[in-house]
Amino acid sequence: MTKRLNKQVEKGRVTKEDVDGLVSRMESSTNMEDLKKADIIIEAATENLALKTTIFEKIDSIAKPGDYKYFFYIYHKIASATKRPESVVGMHFMNPVPVMKGVELIRGLKTSDETYEETKALAEAMGKTTTLAKDMPGFIANRILMPYINEACFALQEGIGSCEDIDVTMKLGTGVPPMGPLTLADLIGLDTCLSILQVLHTEFGDSKYRPSPILVKHVEAGWLGKKTGRGFYDYSK
């Protein structure tokens, strides 16, 4: 995290004093019992329902009375793992989080007005602009974005264009900046893209969400994008 913050200093977006002050206020821990001290908990584990359910059950047993926020694609399945669903609300940050200004908020059937308004204020205090999305798989952003990325994968697989040609065409020819769909997929993480598409395909049963075989093969090969040095593009050079 410090490394990423220092990059922001190099780019002139924040000062070193800002970073030093932020780091001094941070505290890390691998002990969930330390969550007893937290007023608000933002869960951001990998998109695995069994894992998230286990985490929320544990949080429910140790967190002090109040709210905890989460990021997931099926709200009601998470909220049902707690004894205080009124304090659970969806908070979907866009990737990369420090750069992207949008945050989707997702209310469940039992989310209280107080929880929603407090979460909205929290996001705005972070400099984010919030939107309200219905509790449906993919919400707004991924419901639209992932089929777009997936179709680019199919276009690559069918040889309609190279990675570069597909990305340049979409970036310069359609006004969808700042990057093409395959570059964006590499940035998000191909495993994350695949996981989201699998959820959409399972939940809706619609073939339009069927993951492209080339996306599946890249993930199976461990080519997950920029974070592993290889995805649709090679970042090792």
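Helices (H or I, at least four residues) and strands (E, at least two) are DSSP runs, numbered from the N terminus. The model shown is predicted: local features need pLDDT of at least 70 and side-chain atom pairs count only at pLDDT 80 or more, whereas totals for chains, interfaces and linings use all residues. Residues are numbered from 1 along each chain as its sequence is written, and side-chain values use heavy atoms, with hydrogens and water left out.

**View 1. F139 in the loop between β5 and α6.** The loop that holds F139 runs between strand β5 (129-133) and helix α6. Although F139 is not a glycine, its phi is positive, at about 55°. Most residues other than glycine have a negative phi. With a relative accessible area of 6%, F139 is buried (buried is under 20% relative accessible area, exposed over 50%, partly exposed in between; 1.4 Å probe, protein chains only).

**View 2. Strand β3 and its partner β4.** Strand β3 comprises residues 88-93 and is mostly covered, with six of its six residues buried. In a regular strand the side chains alternate between the two faces of the sheet. On one side of β3, V88, G90 and H92 are buried, and on the other side V89, M91 and F93 are buried too. Strand β4 (residues 102-106) pairs with β3 in the antiparallel sense over four bridges (pairing requires at least two DSSP bridges between two strands). Across this pairing, M91 stands opposite L105 in β4.

**View 3. The surroundings of L105 in strand β4.** L105 is buried, and its relative accessible area is 0%. Leaving aside neighbours within four places in sequence, L105 is in contact with G90 and M91, with Y116, T119 and K120, and with T130, T131, L132 and A133 (contact means heavy atoms within 4.5 Å). D18 and L105 are 87 residues apart in sequence, and their C-alpha atoms are 28 Å apart in space.

**View 4. The largest nonpolar core.** This core has 25 residues, of which M146, I149, C153, L156, L182, L215 and F232 touch the most other members (a core is a set of buried Ala, Val, Leu, Ile, Met, Phe, Trp, Tyr and Cys residues joined through side-chain atoms within 4.5 Å). The elements that give two or more residues to the core are α6 (141-157), α7 (163-173), α8 (181-188), α9 (190-204) and α10 (213-220). Another core, of six residues, lies apart from it, and includes F93, V103, Y116 and A123. In soluble globular proteins, nonpolar side chains tend to be buried together.

**View 5. C153 and S212.** Not counting residues up to four places away in sequence, C153 touches L182, S212, I214, L215 and F232. S212 is found in the loop between α9 and α10, and at 0% relative accessibility S212 counts as buried. Beyond four places in sequence, the residues that S212 touches are N150, C153, F154 and Q157.

**View 6. Salt bridges of K37 and K58.** A search of the whole structure finds nine salt bridges (a salt bridge is a side-chain nitrogen of Lys or Arg within 4 Å of a carboxyl oxygen of Asp or Glu). In one of them K37 joins E27, and the closest N and O atoms are 2.9 Å apart. K37 and E27 are ten residues apart, and each lies in the loop between α2 (16-25) and β1 (40-43). Both K37 and E27 are exposed. A salt bridge also forms between the side chains of K58 and E33, at 3.6 Å from N to O. K58 belongs to helix α3 (residues 49-62) and E33 to the loop between α2 and β1, so the pair ties together parts that are 25 residues apart in sequence. K58 is partly exposed, with a relative accessible area of 35%, and E33 is partly exposed at 31%.

**View 7. The salt bridge between D60 and R84.** The side chains of D60 and R84 meet at 3.0 Å, N to O. D60 lies in helix α3 and R84 in the loop between α4 (75-79) and β3, 24 residues apart. D60 counts as buried at 13% relative accessibility, and R84 is buried with a relative accessible area of 12%. Elsewhere, salt bridges that share partners join E33, K36 and K58 into one network.

**View 8. A nonpolar surface patch.** M1, L22, V23 and M26 make a patch of about 360 Å². Patches are made of residues with over 30% relative accessible area and no salt bridge; like charges are joined within 9 Å, nonpolar side chains (Val, Leu, Ile, Met, Phe, Trp, Tyr) within 5 Å. Areas come from the Shrake-Rupley method with a 1.4 Å probe, and for residues only the protein chains shown count as cover. M1 is found in the segment before α1 (2-10) and is exposed, with a relative accessible area of 66%.
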